[in-house]
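Biologist: Before I trust any label in this model, I'd like to hear what stands behind it. Take me through them one at a time.

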Amino acid sequence: MSEDKRQQALDYHAYPVPGKISVEVTKPADTVEDLALAYSPGVAEPVREIAQDADNVYKYTAKGNMVAVISNGTAILGLGNLGPLASKPVMEGKALLFKRFAGLDSIDIEVKHRTIEEFVDTVANISDTFGGINLEDIKAPDCFEIEKQLIERCNVPVFHDDQHGTAIVTAAGMLNALELQGKNIEDAVVVCLGAGAAAVACMELLIKCGAQREKIYMLDRKGVIHTRRDDINEYKQLFANNTDKRTLEDVIEGADIFLGVSGPDLLPADALKLMADKPIVFACSNPDPEIKPELAHQVRDDLIMGTGRSDYPNQVNNVLCFPFIFRGALDVRASRINDEMKLAAVEAIRSLAKEPVPAEVLKAARVDALSFGIDYIIPKPMDPRLLPRVAKAVAVAAVESGVARIEMPENYMEDK
């Protein structure tokens, strides 16, 4: 960032009060009578009701509208392992997004620990306080085991957004891009540069959408992940391809899709030239993509391009899904967020991009027009239709797949 922008960002977080979130009081607390109801002796009555029936906690407390955003700071944005406290601005930012986009109250929790078991124990032991748990910025492969154990131990939905949020938005954009390019996902050859949490989750969800595992080539820092390597963990092994190809240039020749979740400028122009006709390139490294859009379009005039940045078309942004997935999940008290709910979110997001765009969205995006096409394959984050569409799709999927604990409220989201 420029020095001016850097100072702007620091001032934004420091003034008029430090941080980005606070706690608000939702009931009157001005008189002696108010306090008698809020605390002693009145508070004893909901305590007794909850003791008799634990589900009453949703009736008398904020649990059903509360998400915990939890990290250990081992993979903060693109900055790496900087520790729990350094992750706090990001976690507060996530809490801000939950409130701004889905009306969900959220609190950030940063955990110090020595082992995966310590982290899991900490989160599992406090999980019943919340309606859901959003894991964030936890390094791979630890994040896979942490999420797996917490899903098994917690009575509320647990969702690692770096994995599944990224995968959902990526899949929605990819499916629309394939449609525009006249290609089928079942036939597509996919190159994934990066082999961390987001990469693995993106590829697994694309497979659930129809991609063929044997047509996916994943690369880490040492090159192509193949069956003769003995230095890969169990999650990379899922994508070990039986191939003699070893380099990016080897696998990208004739490929239909490139997904970058790695680092800046790692897709050379000469490699892009090797891709099949009408390629799709999602260069999602932040803040600097694997290839700059200006260069990519200079090299290929037949591609559809997406990045993680808001200053280019087709931003692959997790805020398109995670607030609304939790909204839908919490509103039917889902015990977990399953594949059916993720795929429902994918379909809701990609379908919305095909509809006429309201004037208020155009104004927020600062453009005169938007319509489904190569520069608009996924909705804009400020689109207010995302909340009712995605939340309802997720809630319906939760009910139909048997993980909802209550029926979907009547006329759910119809007033949004």
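**Labels and their reasons**

Modeller: Let's start with Pro16, which is found in the loop between helix H1 (3-14) and helix H2 (32-38). Helices (H or I, at least four residues) and strands (E, at least two) are DSSP runs, numbered from the N terminus. Bear in mind that this is a predicted model: local features need pLDDT of at least 70, side-chain atom pairs count only at pLDDT 80 or more, and totals for chains, interfaces and linings use all residues. Residues are numbered from 1 along each chain as its sequence is written, and side-chain values use heavy atoms, leaving out hydrogens and water.

Biologist: What makes the peptide bond joining Tyr15 and Pro16 a cis one?

Modeller: Its omega, about 0°. Ser40 to Pro41 is cis too, with omega near 10°, and Pro41 lies in the loop between H2 and helix H3 (44-52). Most peptide bonds are trans.

Biologist: What is it about the phi of Asp265 that gets it flagged?

Modeller: Phi is near 60° there, a positive value in a residue other than glycine. Most such residues have a negative phi. Asp265 is in the loop between strand E8 (257-260) and helix H12 (269-272).

Biologist: Why is Asp265 called partly exposed?

Modeller: Buried means under 20% relative accessible area, exposed over 50%, and partly exposed in between (1.4 Å probe, protein chains only). Asp265 has 48%, so it falls in the middle class. Lys59, in helix H4 (residues 57-60), has 60% and therefore counts as exposed.

Biologist: And Glu204 in helix H9 (residues 197-208): why is Glu204 called buried?

Modeller: Because its relative accessibility is 17%. Glu204 touches Arg213, Leu238 and Phe239, not counting residues up to four places away in sequence; contact means heavy atoms within 4.5 Å.

Biologist: How do you know the sulfur of Cys192 isn't in a bond with the closest cysteine sulfur?

Modeller: A disulfide is a pair of cysteine sulfur atoms within 2.5 Å. The closest sulfur to that of Cys192 is in Cys202, 6.8 Å away, so it is too far. From Cys284, the closest is again in Cys202, at 7.4 Å, also too far for a bond. The count is zero disulfides. Cys192 is buried at 0%, and Cys284, at 15%, is buried as well.

Biologist: Which strands stand at the edges of the open sheet, and why?

Modeller: The four strands run in the order E2-E1-E3-E4, with parallel pairing. Strand E2 (105-110) and strand E4 (158-160) are the edges because each has a single partner strand, leaving one side without a neighbour in the sheet. Two strands pair if DSSP finds at least two bridges between them. Strand E1 (residues 66-71) and E2 are joined by six, with Ile70 bridged to Ile109 of E2.

Biologist: What makes you say that H6 packs on the sheet?

Modeller: H6 touches E1, E2 and strand E3 (132-135), and its direction makes about 170° with that of E1. Axes are lines fitted to C-alpha atoms, for helices over the stretch in contact, and angles run from 0 to 180 degrees between N-to-C directions. Helix H6 (residues 116-126) also comes within 10 Å of helix H7 (residues 142-153), axis to axis, crossing at roughly 35°. Among the residues making that contact are Phe119 and Val123 of H6 and Ile146 and Leu150 of H7.
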